[in-house]
Amino acid sequence: MANKWVYAFGGGSSDGDRDDKNLLGGKGANLAEMAKLGLPVPPGFTLTTAVCTAFYENDRNYPSDLNDQVETALAALEAKVDKKFGDPANPLLVSVRSGARASMPGMMDTVLNLGLNDETAEGLAKLSGDRRFALDSYRRFITMYSDVVLGVSHSEFEEILETYKEDRDYQLDTEITASEWEEVIAEYKDAVQRELGHPFPTDPRDQLWGAIGAVFGSWMNDRAITYRRMYDIPASWGTAVNVQAMVFGNMGDTSATGVAFTRDPSTGENGYYGEFLINAQGEDVVAGIRTPQCLTEAMRIKMDDHLPSMETALPEVYAQLTEVFDNLERHYRDMQDIEFTVEQGRLWMLQTRNGKRTAKAALKIAVDMVAEGLISEEEAVLRVDPGQLDQLLHPTIDADYERDVVAKGLPASPGAASGKIVFDSDEAEALANHGEKVILVRVETSPEDIHGMHAAQAIVTARGGMTSHAAVVARGMGRPCVSGAGEIRIDGDAKMFTARGRTFTAGDIVTVDGATGEVLAGEAPMIKPELTGDFGKLMEWADRARRMKVRTNAETPADVQTAKEFGAEGIGLCRTEHMFFDADRIAAVREMILAEDQDGRIAALTKILPMQRQDFDDIFRIMEDRPCTIRLLDPPLHEFLPHTAEDVQAVADATGLSAEGLMQRARDLNETNPMLGHRGCRLGITFPEIYEMQARAIFEAQADVERATGVKPVAEVMIPLVATAKELEILKVRIEAIARKVGEEKGVDPTYMIGTMIELPRAALRAGDIAEHAEFFSFGTNDLTQTAFGLSRDDAGKFLGSYLEAGIFEKDPFVSIDTDGVGDLIQIAAERGSASRAGIKLGICGEHGGDPASITFCESVGLDYVSCSPYRVPIARLAAAQAALNKAS
């Protein structure tokens, strides 16, 4: 049976529905579904994602039978609308749009008004009785098609149009007459001829295939690749192409176009939210070319907008639209993002999809929909993207701060951030890669700015509304955004902007408050977030649903307290070496390293002991009876020594130690490959007094806290970089001896376990042997990834980008666990360790412990807990709940 490459929708029937999202893409599936629901959808047809896959597998060639299927679908479409494609007297015009299965707003290409040429434009003018409208549509088509398909930048046409308007003192495109549009169109055609050396294509079928090819081609453009990488969308999914009969929002004052959400995508409030433009086409709204009007009267009043809302300007159509909103939200059981057009008073639906939303909105919508009976608590937990919670876990501007407001625009995406002004996306990315915090300031953003927006702390645009490209993408990324700040006048060449009589240049510091729409001079002070209300309720549901515990990687009292407030159920990794770098003890550490014998080392360690004991005392008091995994000293000793002559002399002066002795000891300790050198348990074997001091500090702190508070702290002593069972056996005996001594001295038996970090492939493979001496395994996936791949995490960044682009790695293995290789090692170690010691505790403490995809893997192999940085604890709690729910379903 031949492949079906083309699916029709609208006109009373549809070949597919919303369940065909993988094949038809999100847009095509939802157009088919809306048509089946009886909503007013202009008919059309969808070229499936399978065509895209075949296109790239066959060196950008289409399947041999695709042309015939498109011609059949086109004939059926002509019959439905009673128009003929390319007919000068009664022309059918179409839009050509992309539609991947995952929403990618603005990332791929669209062409409207396709099928126009000099003859069909005249036919459209006669049919509509409005020559100006027909020529306006024609000039739009030339601009879009030239930009998307022919590679002639839209700026060429913008410049022609702006010059034409300036010469006639026009402010708006709507002031241009029909005869004047003819002159503009002639200039547009001349520009194409000049740029390409051949005229603008006039054959509608050539135009159609050019547009289809451009949409499929845009799946692999830079901005789409960047977006897919940011949101973990596989390139293999491909995009569909939707060809749809045109309806026109630019046919006068009873026509309009708009974008709407069934709830507020910034706050989650249950009220219609959106914008529209009278006498315009859809790209005008999302591209920010004109600042649009408010959809509802309530929104107009809130925004202090003096232009009429759609609710008052087109009340009958608005009433129909709200009925559609309610039907679609009930049908999809989620907040919808909708595109619509009104053609001479008649409503048409062009798209619906689950709307992008901020973390705050996602929480509120999920919790509200449970209360409304639309979804269950478990569905609510699954509705919120764990990664989005990061938006809620960072500071906002201190309410007591006296604001120096530079400019005000629309509050397009909430949150606050400070940084240096940049005017160019490439520069934003370059500075961010060097650790600079930047604020991207643009007249308007386009899909080409995606990398700069991702690099920036916040975005400001002079033009555009609440549903412009900048606003939608910023909300999806969780970036604060102020759009439509019209008082800002940007001079991109001079890298400066002026507002309210003040001038700001690239590099100046500003603060963006996306919640109020304000841009402030300077860096504003921030305050910690309060995680209550909807957040607390969703976390309560998540905690009920998850199986794995969530711990934190922390060693300072401040970090431990923060993690506890975020719901950490213990410490999964306390890195004691961080404590050794503290200014009040680094001298004693260096004295220990420089000691010529064991007695000298013990004398220095005796100075460190009370400080180390206090470290653990502070942690145990905060964590109370929650388990605390404390990793004994891991890095090589040379890391604690100064290395430059200036630093060595400064240390010598401060400590009284010999500068030459310091330099010689640093040379002696230097290693060619320290990551695989004298570190971890190897230090404990060769210098047992170091681990004995640390063990004593742990057990004495336990006894002191228990005596002071009545609460019994739980310590899990972790020995790092074990490769053999014998290493662990030797060190375990020594630590147990210290525990007994402290118990006798303090009269309190410490509660503890001894285990190891599995971070070497050999340890994973010999986990059965090691488990005979280990009561727990904690997978150190940072080093396990390095040793499994033979990659240096510090150096791999130089080529990882190329590996990702080439498809060698689907994801950065240091960000998300390589489930095939590193994952196999974890699974082997978990199985062999559990077989050797029933009930052995299994956890993960690498950076992967806060990555939702890695957490899903941890659930699949049955780990007992994950551990992550304090600010990722809520993310891990939600991701662990989703992993458990998805595994059970």
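**Strands, helices and enclosed spaces**

Reader: In which sense do strand 8 and strand 9 pair, and over how many bridges?

Author: Strand 8, which covers residues 256-261, and strand 9, which covers residues 273-278, pair in the antiparallel sense over six bridges. Please keep in mind that this is a predicted model.

Reader: ok, and which residue of strand 9 does A256 stand opposite?

Author: The residue opposite A256 is I278.

Reader: What holds strands of a sheet together in general?

Author: Strands of a sheet pair through backbone hydrogen bonds, and they can do this either parallel or antiparallel.

Reader: So how many strands are in the sheet with 8 and 9, and in what order?

Author: There are five strands in this open sheet, and reading across it gives the order 10-9-8-11-12, with antiparallel pairing. At the edges are strand 10 (293-294) and strand 12 (346-354), each of which pairs on one side only.

Reader: Which strands does helix 13 touch there?

Author: Helix 13, made of residues 315-332, packs on the sheet and touches strand 8, strand 11 (336-343) and strand 12. The direction of helix 13 makes about 30 degrees with that of strand 12.

Reader: Now the sheet that has strand 1 in it: what is its strand order?

Author: That open sheet also consists of five strands, in the order 1-2-7-5-6, and here again the pairing is antiparallel. Strand 1 (6-9) and strand 6 (110-114) are the edge strands, each pairing on one side only. If direction is ignored, neighbouring strands of this sheet are turned against each other by 20 degrees on average.

Reader: How many bridges join strand 5 to strand 6?

Author: Three bridges join strand 6 to strand 5 (residues 94-100), and the two run antiparallel. As one example, V94 has L114 in strand 6 as its bridge partner.

Reader: And which strands do helix 1 and helix 3 meet?

Author: Helix 1 (residues 21-36) lies across strand 1, strand 2 (44-47), strand 5 and strand 7 (239-245), and runs at about 125 degrees to strand 5. Helix 3 (residues 66-81) packs on the sheet as well, touching strand 1, strand 2, strand 5 and strand 7, and the direction of helix 3 makes about 160 degrees with that of strand 2.

Reader: Switching topic, what caps the N-terminal end of helix 16?

Author: That residue is D424, which has a side-chain oxygen 3.0 Å from the backbone nitrogen of D426, while helix 16 itself covers residues 425-433. Just after helix 16 comes G435, which takes a positive phi of about 85 degrees.

Reader: What about holes, how many cavities of 30 Å³ or more are there?

Author: The structure holds four cavities of that kind. In the largest cavity there is about 70 Å³ of space, and in the second largest cavity about 40 Å³.

Reader: What lines the largest cavity?

Author: Its lining includes R132, D136, D173, W181 and N279. Helix 5 (residues 131-150) provides the largest share of this lining, with four residues. Sorted by class, the lining of the largest cavity has one nonpolar, two polar and seven charged residues.

Reader: And how does the lining of the second largest cavity divide by class?

Author: The lining of the second largest cavity has five nonpolar, no polar and three charged residues. Among them are A362, I365 and R383, and helix 14 (residues 359-371) gives the largest share, four residues.

Reader: Last one: how much space lies in the second largest pocket?

Author: The space there is about 710 Å³. Of the 29 residues lining the second largest pocket, D634, R679, D783, Q786 and R793 are the closest to its centre. Strand 27 (571-575), helix 21 (576-580) and helix 31 (781-789) are the elements that give two or more residues to this lining, and helix 31 gives the most, with four. By class, the lining of the second largest pocket divides into nine nonpolar, eight polar and twelve charged residues.

Methods: Residues are numbered from 1 along each chain as its sequence is written. This is a predicted model: local features need pLDDT of at least 70, side-chain atom pairs count only at pLDDT 80 or more; totals for chains, interfaces and linings use all residues. Side-chain values use heavy atoms; hydrogens and water are left out. Two strands pair if DSSP finds at least two bridges between them. Contact means heavy atoms within 4.5 Å. Axes are lines fitted to C-alpha atoms, for helices over the stretch in contact, and angles run from 0 to 180 degrees between N-to-C directions. A polar contact is a pair of N or O atoms within 3.5 Å; within protein, one must be able to donate a hydrogen and the other to accept it, and residues adjacent in sequence count only if both atoms are side-chain atoms. On a 1 Å grid over the protein atoms alone, a cavity is a set of points where a 1.4 Å probe fits but cannot get out, and a pocket is an open set with protein on both sides within 12 Å along at least five of seven lines; lining residues have an atom within 4 Å of a point. Grid points are joined across faces, edges and corners, and a volume is the space filled by probe spheres set on the points. Ala, Val, Leu, Ile, Met, Phe, Trp, Tyr, Cys and Pro count as nonpolar, Asp, Glu, Lys and Arg as charged, and the others, Gly among them, as polar.
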